[in-house]
Amino acid sequence: MEKKINISLPINRWQLFKFTYRNHLSLIIKLSLMIAIFSIPLFTFLIVKNVFANALLSQINQDNELIILQRYYYQEIILDIFYIPCFVILAIGLSGGFFVMKKYLYQEGFTFFKDFRNGMKKSKEFILSTLILSIILYLLLFLKNFFSYINFQYYIPLSIFVFIIIFLLVNVFIFTYCQIHIYSNNIFHLIKNSLCFSFNQLFKVSLINLITIFPLVLFMNFQNAVLKIIIILIYFIIGFGNCLLITMLYSCSVFDELINKDRFPSIYRKGLYNGEDE
């Protein structure tokens, strides 16, 4: 029988972050391991995709360079579509993880595996928002690979453009995912709100993105197999849970100041000590 967990109230989000690592590190590890299960298709796809790319590019020489590069971009166009089902599967696990993290941070008490399953059952909005993000991602990658297929000179500027757009999209969807289990709005309203949040908090949310999710983006481009394995293990053991903790803490502070303080006072600074017990 799992024990229901409640926590004493810290006075701010930073204190709650430190409190979590001092007293509830096991929660971060359990969340990471659970989400890791749902990330296996994505990581497997990335590894297989890299193997196919290396096998093809290893055939390049001065006589066939143009033909091999065209085959490579065509191969990328075909394989990249598998990002969509991989991210959708990951979204189901993220829904469970964000649900548990929300209950933890809001001092609602939770039973880990039971509430993780409950969060998975409420994954409709996570799946829909991830499907939207995945389709946009595929279209951006298609754009990059299609025009690079036509003319290799487009590759570098298009890669930079696509990287910037994807980075900004992740900023938006950080807020979207964090809103889903807190507010009851439809997904398109949540995405609209997230666009406003991300532009209002562009520097800070970009920093959060860089320290939590960006290492995974780098992973996609690493050639060193040992380094890839190390990054995968870090995320499997603690990285995913750390991403959930940091993004939820940051997003909740933004929601408190921009929404909750005036419109939803009942959840303003929920889970934090407000001095009323003194």
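Let's start where two helices meet: in this predicted model, α6 passes α8 in a right-handed crossing. Helix α8 covers residues 187–200, and its axis comes within 10 Å of the axis of α6. Two packed helices are described by the angle between their axes and the distance between the axes, so the angle is worth a look as well. Here the axes cross at roughly 60 degrees. Angles of 65 to 115 degrees would count as roughly perpendicular, and those under 35 as roughly parallel; α6 and α8 are therefore oblique to each other.

Now stay with α6, which runs through residues 124–150, and look at two of its residues. L141 lies in this helix, and so does F142. Which of the labels buried, partly exposed or exposed fits each one? L141 has a relative accessibility of 11%, and because buried means under 20%, L141 counts as buried. F142 has a relative accessible area of 34%, which makes F142 partly exposed. L141 also has a distant partner in sequence to find: I81 is 60 residues away along the chain, yet the two C-alpha atoms are 9.4 Å apart in space.

F142 leads us on to the surface, where it belongs to a nonpolar patch. The other members are Y74, I78, F146, F147, Y149, I150 and Y154, and together the patch has about 750 Å² of accessible area. Where do the residues of this patch come from? Helices α3 (65–79) and α6 each supply at least two of them. The largest share, five residues, comes from α6, the helix that also crosses α8.

Technical notes:
Residues are numbered from 1 along each chain as its sequence is written. This is a predicted model: local features need pLDDT of at least 70, side-chain atom pairs count only at pLDDT 80 or more; totals for chains, interfaces and linings use all residues. Side-chain values use heavy atoms; hydrogens and water are left out. Patches are made of residues with over 30% relative accessible area and no salt bridge: like charges are joined within 9 Å, nonpolar side chains (Val, Leu, Ile, Met, Phe, Trp, Tyr) within 5 Å. Accessible areas come from the Shrake-Rupley method with a 1.4 Å probe; for residues, only the protein chains shown count as cover. A salt bridge is a side-chain nitrogen of Lys or Arg within 4 Å of a carboxyl oxygen of Asp or Glu. Helices (H or I, at least four residues) and strands (E, at least two) are DSSP runs, numbered from the N terminus. Buried means under 20% relative accessible area, exposed over 50%, partly exposed in between (1.4 Å probe, protein chains only). Axes are lines fitted to C-alpha atoms, for helices over the stretch in contact, and angles run from 0 to 180 degrees between N-to-C directions. Angles under 35 degrees count as roughly parallel, over 145 as roughly antiparallel, 65 to 115 as roughly perpendicular and the rest as oblique. A crossing is left-handed if the near helix is turned anticlockwise from the far one by less than a right angle, and right-handed if clockwise.
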